Amino acid sequence: MIRRPIIPLAVLATSLATLFAARAADAGPAFNLDADLAFPINDSSRIDTGGGVGARFGYELHLPLIICMPELGFNYHGFGGDLGPNVYRAIAGGRVGFGEIVRIGALAHIGYGHLDAPVGPNYDGFTWDAGGFVTLTAIPILNIGVHVTYNQLELNHSAGTYQYLTTGLDLGLVF
């Protein structure tokens, strides 16, 4: 006689074993395009919300339920208003995501940036970002998602930093 509580436990154990069973790692190149809205943080008095684009190229390492993707990229964000600057950034970093059909993850990059101000000096310096993303991966080579990222560009010791948030759509091709 089989006791009833054992059957659900056996089904759960079998399901978990199947879900987490090891399989060969899969890897391939990935190309991503981003369309962003950008919101200034530290100097919003005469600067309006802006927009921007980004392109990233990486190599997606796909394990069961996990992806790791080192990547190189370039971003442009332009801000409106009387003093709205243009920000250009070359970045290197990566993404880590969890899930197969719906992937949730974190991203971070470092790099070199340029702030082109309409009035006053232009600045070059160290830049970094960190954020999160949600991606739908139901179509085998096409990933569609959204992201939110905090961005910072070091201007110089006396001028401080330029900080802004971006949110937008991602479109990725994985080969």
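The following exchange concerns strand pairing and the largest pocket in a predicted model.

Reader: How do you know that strand β1 and strand β8 pair?

Author: Two strands pair if DSSP finds at least two bridges between them. Eleven bridges join β1 (residues 26-40) to β8 (residues 160-174), so the two strands count as paired. They run antiparallel, and Leu 37 stands opposite Thr 167 in β8.

Reader: What makes β7 and β8 a pair of strands?

Author: The cut-off is again at least two bridges. Between β7 (residues 142-156) and β8 there are 14 bridges, and therefore these strands pair as well. Their direction is antiparallel. Within this pairing, Asn 151 has Tyr 164 in β8 as its bridge partner. A hairpin of three residues connects β7 to β8.

Reader: Which residues lie nearest the centre of the largest pocket?

Author: Those residues are Asp 26, Glu 60, His 62, Pro 140 and Val 174. They belong to a lining of 13 residues, and the pocket holds about 210 Å³ of space. The elements giving two or more residues to this lining are β1, β2 (48-63) and β6 (123-139). The largest share, three residues, is that of β1.

Reader: Why is Asp 26 called a lining residue of the largest pocket?

Author: A lining residue has an atom within 4 Å of a point of the pocket. Asp 26 is among the 13 lining residues, so an atom of Asp 26 lies within that distance of a point.

Reader: What classes of residue make up the lining of the largest pocket?

Author: The lining has five nonpolar, four polar and four charged residues. Asp and Glu count as charged, so Asp 26 and Glu 60 belong to the charged class.

Note on methods: Residues are numbered from 1 along each chain as its sequence is written. This is a predicted model: local features need pLDDT of at least 70, side-chain atom pairs count only at pLDDT 80 or more; totals for chains, interfaces and linings use all residues. Side-chain values use heavy atoms; hydrogens and water are left out. Helices (H or I, at least four residues) and strands (E, at least two) are DSSP runs, numbered from the N terminus. On a 1 Å grid over the protein atoms alone, a cavity is a set of points where a 1.4 Å probe fits but cannot get out, and a pocket is an open set with protein on both sides within 12 Å along at least five of seven lines; lining residues have an atom within 4 Å of a point. Grid points are joined across faces, edges and corners, and a volume is the space filled by probe spheres set on the points.
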